[in-house]
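Colleague: Could you talk me through how the two chains meet in this one? I'd like the details rather than an overview.
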Protein chains: 2
Amino acid sequence: MTASPRPTMADVAAAAGVSKALVSIVIRGAVGASLATRERVLNTARELGYRPDTRARLLRSTRSRLLGVVFNVTEPYHAELVELLYEAGEAAGYGVTLSAAGPRRSEQRAVESLLDLGAEALVLIAPSTPAAGLAQLPLPVISMLRPVRGDAAGSVSSDEDAGIRLAMDHLRGLGHSRIAHIDGGTAVGSAARRQSYFSHMADTGLAAGASVFTGGNTEADGSRAARELLDAAGRPGCAARPSAVVVFNDRCALGVLDVLGKAGLSVPRDISVVGYDNSRLARLEHINLTSIGQNGPELAAAAVRAAAARLGGGAAEHLLVPPFLEIGGTTAAPAGSS
Amino acid sequence: MTASPRPTMADVAAAAGVSKALVSIVIRGAVGASLATRERVLNTARELGYRPDTRARLLRSTRSRLLGVVFNVTEPYHAELVELLYEAGEAAGYGVTLSAAGPRRSEQRAVESLLDLGAEALVLIAPSTPAAGLAQLPLPVISMLRPVRGDAAGSVSSDEDAGIRLAMDHLRGLGHSRIAHIDGGTAVGSAARRQSYFSHMADTGLAAGASVFTGGNTEADGSRAARELLDAAGRPGCAARPSAVVVFNDRCALGVLDVLGKAGLSVPRDISVVGYDNSRLARLEHINLTSIGQNGPELAAAAVRAAAARLGGGAAEHLLVPPFLEIGGTTAAPAGSS
DNA sequence: CACATCTTCTAGATCGATCTAGAAGATTTC
DNA sequence: GAAATCTTCTAGATCGATCTAGAAGATGTG
């Protein structure tokens with residue numbers, strides 16, 4: 001609470017006996033200062049405890065070098081990306097400012113506050129604003145985790161098709177062939193993952209054995225779907241119970257695990273389960289779900305690169321980052337195999 | 001991407017035929033403008049699509065009315081508070097800017113970036129910086145979720161003692177008397193909660209039956225503690241198995257539930273379990289843990305009030321906000337009772 | 001009507017940096 | 001040695017708002 005006024009560039013200039021323009025040059029690391037004075041100025045700046053004032057810098061400079069990031073507070077995974085974006089942004093010479101969206105604060109509000117702050121480009125994590133809306137923003141926009149077509153905005157997302165394939169190849173490798181899918185119902189991305197499931201089943205000659213149950217985003221959806229799956233297997237004339245299930249996401253998979261366990265089935269001995277998201281939930285020790293994870297560091301780095309490229313005048317890029325498979329304790333070879 | 005330059009205050013002034021000082025007065029809602037012109041200026045501002053530039057405002061004004069918030073990206077609950085702080089801050093006429101701390105970005109770094117941005121006061125959620133460090137910051141600081149003594153910083157936290165009492169009163173009300181505690185081991189806050197447990201047991205004449213097991217922050221800690229609890233109950237000469245357990249936090253409680261279930265005990269029929277935090281985890285439908293929750297909206301509002309009061313010259317306040325009890329499916333009357 | 005008071009409005013300085021244009025000195029070129 | 005070029009540095013304008021001091025006009029008062 002000591003109110004000693006913070007030193008300004010003029011203070012440093014006076015103390016070092018140079019003009020403030022020169023101090024500015026040195027602090028920014030721009031060309032036009034000799035090595036000797038550069039060092040002298042940096043030293044006096046350090047002695048005075050000088051730190052450039054972001055407000056003034058932002059106001060004057062044509063290139064604010066500020067990256068605005070909008071994330072959703074209700075999504076735990078966004079928080080992880082936020083930290084990685086700080087890192088990637090700062091490594092690329094950008095400052096990063098956050099603005100949170102959520103049930104009580106609209107995405108538009110979040111975007112506006114970043115605009116008013118002078119952000120040079122925006123990274124929106126899983127934006128709900130339609131592409132047309134993004135196109136109207138007066139600066140380059142990168143959509144993360146939600147692919148966008150066309151030139152409205154760049155996009156950087158995880159390759160979902162590759163993710164489903166990773167899951168299925170893993171199960172195939174273990175010896176499974178009766179692989180079912182519990183989808184996300186009407187959730188965003190559910191249709192694409194279901195499509196990937198079908199196409200992979202077809203590619204490996206298992207198209208006839210494909211079976212999909214309607215799940216959803218929540219544990220309740222997963223539980224419901226799992227009960228349906230068990231019922232179907234018990235009905236005469238139906239295919240035998242699948243030996244493995246690929247589930248839309250981790251939360252839904254949790255409901256599936258719960259029902260399977262209560263039905264007396266042992267996972268993974270009787271049936272293998274793969275989730276999607278590799279969330280904190282999946283990594284809880286007593287759950288330890290095999291799951292597909294997004295490559296966060298690469299996603300963040302790609303988003304920053306895409307933003308920088310767009311600022312440099314490039315066209316909107318659309319990147320897909322390959323996900324990875326985290327093998328947990330819910331997958332194993334099927335009971336029948338050696 | 002259309003680069004139409006954004007209108008400034010001067011543009012609005014020219015269009016409305018007044019001075020920019022007057023526009024400033026109107027936009028800020030300051031006194032000194034007639035109702036008629038006020039309306040006229042606001043109308044032309046709206047027509048031009050004028051939005052004040054935060055950078056310039058921040059730079060010039062003595063009172064930036066900007067609240068800096070530091071939160072930890074790895075803590076899901078912080079995200080919830082962040083959104084509530086936006087709401088509470090904006091309701092009180094403050095802008096809110098975030099800065100994330102985390103394993104890869106130090107709290108100090110987060111604080112510095114807010115200082116450079118011109119924040120007027122800081123709200124640190126569960127800061128790791130010691131009180132002495134907080135005292136050195138050149139602006140009012142409010143520590144949330146971590147009580148701080150003395151005048152170094154204001155603090156707003158949940159009343160943990162009241163929380164433990166809520167849990168115990170709930171169990172007592174159901175008819176439990178053999179109530180054990182699984183603590184947080186060396187985790188922050190564990191000692192205080194353990195102390196509350198003891199003092200409440202004493203207050204209700206149950207001091208002799210008090211028993212504490214060493215838990216911790218994670219499910220593994222909870223599992224270990226639960227096994228110990230079951231072992232102790234089986235040993236000759238030891239007290240009977242408790243009919244209820246109050247656990248340090250939800251994560252730890254999850255491990256407890258897991259072990260109890262695997263040991264063939266039914267929760268809540270054979271034993272009741274109460275967690276702490278009322279986290280998303282606890283609210284998962286198939287877990288549905290009875291838990292103590294923090295009153296987030298009230299915490300946020302209190303933090304903003306405390307910051308404003310401090311800015312107004314008041315001394316550092318230290319507030320305790322009462323938590324609430326969320327009754328789930330893991331508590332019931334003990335088996336023996338009617 | 002003269003004077004004080006209040007309301008409404010404006011000119012211009014200011015915040016702390018960046019940026020442009022150009023001066024001063026050192027170095028190269030012919 | 002004069003001209004050209006390069007390096008190093010500086011004065012002063014500028015970004016878009018806020019804020020101070022004071023002008024102009026309306027209203028009240030004796």
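Colleague: How many residue pairs are in polar contact across the interface of chain B and chain A?
Modeller: The rule finds 20 such pairs, both residues at pLDDT 80 or more, where a polar contact is a pair of N or O atoms within 3.5 Å, one able to donate a hydrogen and the other to accept it, with residues adjacent in sequence counting only if both atoms are side-chain atoms. This is a predicted model, in which local features need pLDDT of at least 70 and side-chain atom pairs count only at pLDDT 80 or more, while totals for chains, interfaces and linings use all residues. Residues are numbered from 1 along each chain as its sequence is written, chains are lettered from A in the order in which they are written, and side-chain values use heavy atoms, leaving out hydrogens and water.
Colleague: And which residues of chain B touch chain A, by type?
Modeller: That side divides into 25 nonpolar, nine polar and 18 charged residues, with Ala, Val, Leu, Ile, Met, Phe, Trp, Tyr, Cys and Pro taken as nonpolar, Asp, Glu, Lys and Arg as charged, and the others, Gly among them, as polar.
Colleague: How many salt bridges, then?
Modeller: There are 12 across the interface of chain B and chain A, each a side-chain nitrogen of Lys or Arg within 4 Å of a carboxyl oxygen of Asp or Glu; one of them joins B:E90 and A:R105 at 3.6 Å, N to O.
Colleague: Switching to symmetry, what rotation superposes chain B on chain A?
Modeller: A rotation of 180 degrees with 0.0 Å of shift along its axis does so, with an RMSD of 0.1 Å, by least squares on the C-alpha atoms of residues with pLDDT of at least 70 in both copies. The two copies are therefore related as by a two-fold rotation axis.
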